[in-house]
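Welcome! Please take a moment to look over the sequence and the 3D view before reading on.

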Amino acid sequence: MTKPPRIEPPGDLVARVAATALALPESYEADAWTGVRWRIRSKTLAHILVAQEGYTSAYRDVTGVDRANHRADLSVIR
C-alpha cells in the first residue's frame, strides 16, 4: 500500500512558533524529516508536524489521537 504524501503544517502556526523560537540566543531553523524544527546547538527546541495515518507517530502514541488528517495542534511533550 502506498503512503499518502506528507501534509505540511499550517504556515501561520509555523510563523508563530518561528517568531518565538528564533528570538532565543543561538536558535536556528533546521531541516526535519517532516514538518519544521528549531534547534539550539544540537538540541531540538520545537518540532511542528502533522501526525497522519499511515506513518509512525510518537505523537499519536502519547496522546491517543488517531484521526487521519486532523488539524495540526501545538503540543509540548517532554
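The report below walks through the overall layout, the strands, the core and a few individual residues.

## First look

A good thing to know at the start is that this is a predicted model. The protein has 78 residues, and 31% of them count as buried. Its secondary structure amounts to two helices and three strands. Following the chain from the N terminus, you meet these elements in the order α-β-β-β-α.

Two further figures describe the whole protein. The exposed surface comes to about 5700 Å², with carbon and sulfur atoms supplying 53% of it. If you take the contacts between residues at least 6 apart in sequence, 33% of them join residues at least 24 apart.

## How the strands pair

Let us begin with E1 and E2. These two strands pair in the antiparallel sense, over four bridges. Tyr28 has Arg39 in E2 as its bridge partner. The hairpin that E1 and E2 form has five residues between the strands, and Gly35 in this hairpin takes a positive phi near 75°.

Next come E2 and E3, which also pair in the antiparallel sense, here over five bridges. For Arg37, the bridge partner is His47 in E3. Two residues lie between the strands in the hairpin of E2 and E3, where Arg41 has a positive phi near 55°. Arg41 is not a glycine, despite that positive phi.

## The nonpolar core

Which residues make up the largest nonpolar core? There are eight of them: Leu13, Val14, Val17, Ala18, Ala21, Val36, Trp38 and Ile48. Helix H1, spanning 11-21, and strand E2, spanning 36-40, each supply at least two residues of this core. H1 gives the most, with five residues.

Two members of the core are worth a visit. Val36 is placed in strand E2, and its relative accessibility is 15%, so Val36 counts as buried. Setting aside residues up to four places away in sequence, Val36 touches Val14, Glu29, Ala46, His47 and Ile48. Ala18, with the same kind of neighbours left out, touches Glu29 and Trp38. Glu29 therefore appears in both lists, as a contact of Val36 and of Ala18. Val36 and Ala18 are 18 residues apart in sequence, and their C-alpha atoms are 9.3 Å apart in space.

## One salt bridge

How many salt bridges does a search of the whole structure find? The search finds one. The salt bridge is formed by Arg41 and Glu26, and the closest N and O atoms of the pair are 2.9 Å apart. Arg41 lies in the loop between E2 and strand E3 (43-48), while Glu26 lies in the loop between H1 and strand E1 (27-30), so the pair ties together parts that are 15 residues apart in sequence.

Is Arg41 buried or exposed? With a relative accessibility of 58%, Arg41 counts as exposed, because the cut-off for exposed is over 50%. Its partner Glu26 has a phi near 65°, a positive value in a residue other than glycine. A positive phi is likewise found in Arg41, at about 55°.

## Around Ser27

Ser27 has its place in strand E1. At 14% relative accessibility, Ser27 counts as buried. Where does the side chain of Ser27 reach? It reaches the backbone oxygen of Ala21, at 2.6 Å. Ala21 is also one of the residues of the largest nonpolar core.

Leaving out neighbours within four places in sequence, Ser27 is in contact with Ala21, Leu22, Arg39 and Ile40. Arg39, one of these contacts, is the residue in E2 that serves as bridge partner of Tyr28.

Lys43 makes a useful counterpart to Ser27. Lys43 is placed in strand E3, and its relative accessibility of 60% makes it count as exposed, whereas Ser27 counts as buried. Lys43 and Ser27 are 16 residues apart along the chain, and their C-alpha atoms are separated by 9.7 Å.

Conventions. Residues numbered from 1 in each chain as written. Predicted model: local features only at pLDDT ≥ 70, side-chain atom pairs only at ≥ 80, totals over all residues. Heavy atoms only, no water. Core = buried A, V, L, I, M, F, W, Y, C linked by side-chain atoms within 4.5 Å. Buried < 20%, exposed > 50% of the residue type's maximum accessible area, 1.4 Å probe, protein only. Contact = heavy atoms within 4.5 Å. Areas by Shrake-Rupley, 256 points an atom, 1.4 Å probe, with all protein chains shown as cover. Salt bridge = Lys/Arg side-chain N within 4 Å of Asp/Glu carboxyl O. Polar contact = N/O pair within 3.5 Å; in protein donor to acceptor, adjacent residues only side chain to side chain. Pairing = 2+ DSSP bridges.
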